[in-house]
Amino acid sequence: MNIKVGTRGSTLARTQSQWLIDVLAKAHPQVNFEMVIIKTKGDLVQDKPLDKIGDKGLFTKELEDALLSGEIDMAIHSMKDMPSKLPEGLVLTVPPVREDARDVLLTPHRITALDELPKGAVVATGSKRRIAQLQKLRPDVEIVGIRGNIDTRIRKMQEQQLDGIILAAAGLKRIGRLEDSAYYTVALPETTFIPAPAQGILAVEVREDNQTVKELMAVISDPNTIVQMSAERSFLNALNGSCHIPVGAFCEIESAEITLYGLYGLEDGSRVVTRSIKGAPEEAENLGKQLAKACYQAVHEKPGKVYLAGGGCGDPGLLTVKAKDILTKADVVVYDALVNESFLNDARTDAEIIYVGKRAGNHAMRQEDINALLVQKGQEGKLVLRLKGGDPYVFGRGGEEGEDLYDAGVPFEVIPGITSVIGGLAYAGIPITHRDCVSSFHVITGHLKSNAYDGSSDLDWPVLGKLKGTIVFLMGVKNLEKICDELVKNGMNPEMPVAVVHRASTPYQRVVTGNLTTIYDIAAEAKITAPSLIVVGEVVNKRQKLRFFDEKPLFGKNIIVTRSREQSSQMVEKITELGGNAIEFPTIKIVPINEAACDEKVKCLKVYSHIIFTSINGVEVFFDSLARCGKDARAFGNLHITAIGEGTKNALLARGLQADFVPDKYVGEELVSGLVPLLTKDSRVLIPRSKNARIYVVEELSKICPVDEVQSYETIREDHATVDPLAMLNNKEIDYITFTSSTTVEFFVEKIGAAHIDAINTAKCVSIGPQTSKKCVELGITVDIEAETYTIQGMLDAILKDSQK
Ligand code: SAH
């Protein structure tokens, strides 16, 4: 039997075909294999870059024609030259064992790794895949195009004094030029410099119906190579790969598991991604498809974005407008220890919140892992807010995060924050500069590598000792004694004022002052721990007049607000204004109900003579109904309007309605006694109100005239929480818990757990009025304070009075 083996005429093509013929001849001594050389277009056009010639199957077409016409029986190619789709009637046989799959760098420099190439080196390669990877690994390298066979390229490297060329190891090995005295050879690992799919594998193309040749090949095939070829080719096929786009794949085989690495990018190289996938060898083809899909999506779908933002130094009001804007939109929020957790209230309720800081007993996530997390979320297409304490670049390792994002091609922006260096000092009443005393400031890490008093130190103390400006040490409380000693030893006045500011701009702020000689004992006495700022300089004395924060009446008081998120803003604002710390723990939320019934009442509003609004929610839901019915405030006509509470009155005013009657006290009894004289038997009253309201008012008024109650909304339990009040109660950190209705009491106890009543009672309970107090008592809560006026302001007045006792 005579088999005609077609091949291109290049040295490489002939050498590798001869290799295969030898292997086949050995396995099949009875068969005669004859080499037939055929020229292809790729061989003829040598002067243009490959991707400009613009033909798929540049090196294969003529061989395929010869196969189809019967001129040859098998065509041998480098698998990496094979387009993803073969012409009708042709198939690939199983492959012979793979040669080295790697790319190698040939270089005149005596080096062993890509990293060691000189800075700004000039390297030649024409492949988009190689260009993309080279640019990523060595952005400084200048890349130039190159064409021609192996010999030509090596010659060009020498003639043009290039610093390197990249080629496939397999071809070089086959023609015996992998090692040469004229250059050094640096192998590029397949997993970090991904080769072309099936690089190093010979492709044997046959007519689909040629069973004989298929059987001859089956005998010499290699099982691992089959798996690799199947995974890598399936990846290529799924992406419709050609030499016009950057595409690479490598399948690593480890006994029962394979890992497929893929690279894919846009034709212009502007976006290139690498991904990997693991699975069983039997899954090879499927894994190729899956990986292709992941790469395709990563390249073509909208990429995510990471914002590296500063959260300010503590006071939630110090978050920038820009950071807050992103916070409300982010899919993922990654934050650490120094960030005020109350921010999380502004995140979307479905946002993924990831804490990466240190927490009692738990180690912080390692920096590399944080970087990887940000990259991963960004690559998943997410909008990520990375919130750090203070400013992200002030001892915040934000730079490292940004660099990794850059390397991974994930877009990012930086939102600067108010650093504790500036903001923390301000809240302690210390201006970082002042015309009277300093003309510079210096920010130093006090986290010293060497804490030992052996003279070794990583700070230049002789220089620091001579500084005239304000010096702020971060992360330095542990080394306070050494810091003061060194400064004095190196010439600073021992009486130089020093302040230590603990948790600046938070309700836990504590400031101690002294001088370089005394401060250590003073801070130790006061048990000041991290996080604290150490401020050295005359500006510390300015605190006497400039302190504004830790003197407010409710300073240092932690107050839980249990109202619904929508309703709590007024209370939170007032507490904050007075220097208190409002901890929002909403226990209720409002949902509209019976919309159709409400709309019915709105449509026939004319039949009523009186309307009673008992809450802001009642007003809002009613106006929603008006809007649905295409109406506005004019629909009220001469209707007599009663509003219960200041808030309700104002909600009406905001919509252009002046309430006719606002009872002095905000309880049902007061309402009834005020309203009864205004009603006759011909009156008709509408009360759009909560499902949870007391029956009392309706019952009493019905004794005089018809009363229609429409239950327009309902108060249900809010189950979303961003703080853990029980932990704070157990730590005795909470000063007051405020209850604005019996429902808030009920749900608060449900949420905390009735078993924890004792913990709840460690704080002072503030009730808005008798109904609420009654509920407290019923559930075992001691009512310490009841407001005199049953309003938010009334509650605050009561708290103020209590706190000044
Ligand atoms: N990026 C942060 C600093 C991070 S380093 C910034 O710009 O503020 C951490 C150190 O910052 C802490 O050890 C402490 O020295 C200081 N620090 C941060 N916030 C602080 C605060 N509210 N009060 C006191 N020190 C604070």
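Here are some exercises on a predicted model, each with a worked solution.

**Exercise 1. Getting your bearings**

Work out which domains the chain is divided into, and how far apart the C-alpha centres of domain 2 and domain 5 lie.

*Solution.* Start at the beginning of the chain. Domain 1 covers 2–98 + 199–300, and domain 2 covers 103–188. Next come domain 3 (305–415) and domain 4 (423–551). Domain 5 is made of 558–587 + 719–803, while domain 6 spans 590–717. Now pick out domain 2 and domain 5: their C-alpha centres are 71 Å apart.

**Exercise 2. The sheet with β5 to β9**

Find the order of the strands in the open sheet that contains β7 and β9, and explain why one side of each of these two is left without a neighbour.

*Solution.* Step one is the order: the 5 strands run β7-β6-β8-β5-β9, with mixed pairing. Step two is the edges. β7 (142–144) and β9 (184–188) each have a single partner strand, so each has one side with no neighbour in the sheet. From one strand to the next, the twist averages 30°.

Step three is to zoom in on a pair. Strands β5 (residues 103–107) and β8 (residues 164–168) run antiparallel and are joined by 4 bridges. Look at leucine 105, for instance: its bridge partner in β8 is isoleucine 166.

Step four adds the helices. Helix α5 (residues 128–137) packs on the sheet and touches β5, β6 (122–124), β7 and β8, with its direction at about 130° to that of β8. Helix α6 (residues 150–159) also packs on the sheet, touching β5 and β8, and its direction makes about 165° with β8.

**Exercise 3. Around the ligand**

Name the residues that come nearest to the ligand, then find which polar atoms lie by its oxygen and nitrogen atoms.

*Solution.* First, the surroundings: there are 17 residues around the ligand, and Cys313, Val394, Thr419, Ser420 and Ser532 come nearest.

Second, go through the polar atoms. The side chain of serine 420 has an N or O atom 2.7 Å from an oxygen atom of the ligand. A polar backbone atom of aspartate 391 is 2.9 Å from a ligand oxygen. For a nitrogen atom of the ligand, look to arginine 503, which has a backbone N or O atom 3.5 Å away.

Third, check the cover. On its own the ligand has 540 Å² of accessible area, and the protein covers 92% of that.

**Exercise 4. Two backbone oddities**

Locate proline 531 and methionine 475, and say what stands out in the backbone at each.

*Solution.* Begin with the usual case: most peptide bonds are trans, and most residues other than glycine have a negative phi. Now take proline 531, in the loop between α17 (519–525) and β23 (532–536). The peptide bond leading to it from alanine 530 is cis, with omega near -5°. Then move to methionine 475, in the loop between β20 (470–474) and α16 (480–489). Methionine 475 is not a glycine, yet its phi is positive, at about 55°.

**Exercise 5. The sheet with β26 to β30**

Trace the open sheet that contains β26 and β28, and find which helices lie across its strands.

*Solution.* The order is β26-β30-β29-β27-β28, and the pairing is mixed. β26 (588–592) and β28 (640–643) stand at the edges, because each has a single partner strand. Here the twist averages 20° from one strand to the next.

Strand β27 (residues 610–613) runs parallel to β28, with 4 bridges between them. Within that pairing, isoleucine 612 has threonine 642 as its bridge partner.

Finally, the helices. Helix α20 (residues 595–603) lies across β26, β29 (685–690) and β30 (707–717), at about 145° to β30. Helix α22 (residues 646–653) lies across β27 and β28, at about 135° to β28.

Key: Residues are numbered from 1 along each chain as its sequence is written. This is a predicted model: local features need pLDDT of at least 70, side-chain atom pairs count only at pLDDT 80 or more; totals for chains, interfaces and linings use all residues. Side-chain values use heavy atoms; hydrogens and water are left out. Domain bounds come from an automatic or database domain assignment. Two strands pair if DSSP finds at least two bridges between them. Axes are lines fitted to C-alpha atoms, for helices over the stretch in contact, and angles run from 0 to 180 degrees between N-to-C directions. Contact means heavy atoms within 4.5 Å. A residue is near a molecule or strand if one of its heavy atoms lies within 4 Å of it. A polar contact is a pair of N or O atoms within 3.5 Å; within protein, one must be able to donate a hydrogen and the other to accept it, and residues adjacent in sequence count only if both atoms are side-chain atoms. Accessible areas come from the Shrake-Rupley method with a 1.4 Å probe; for residues, only the protein chains shown count as cover.
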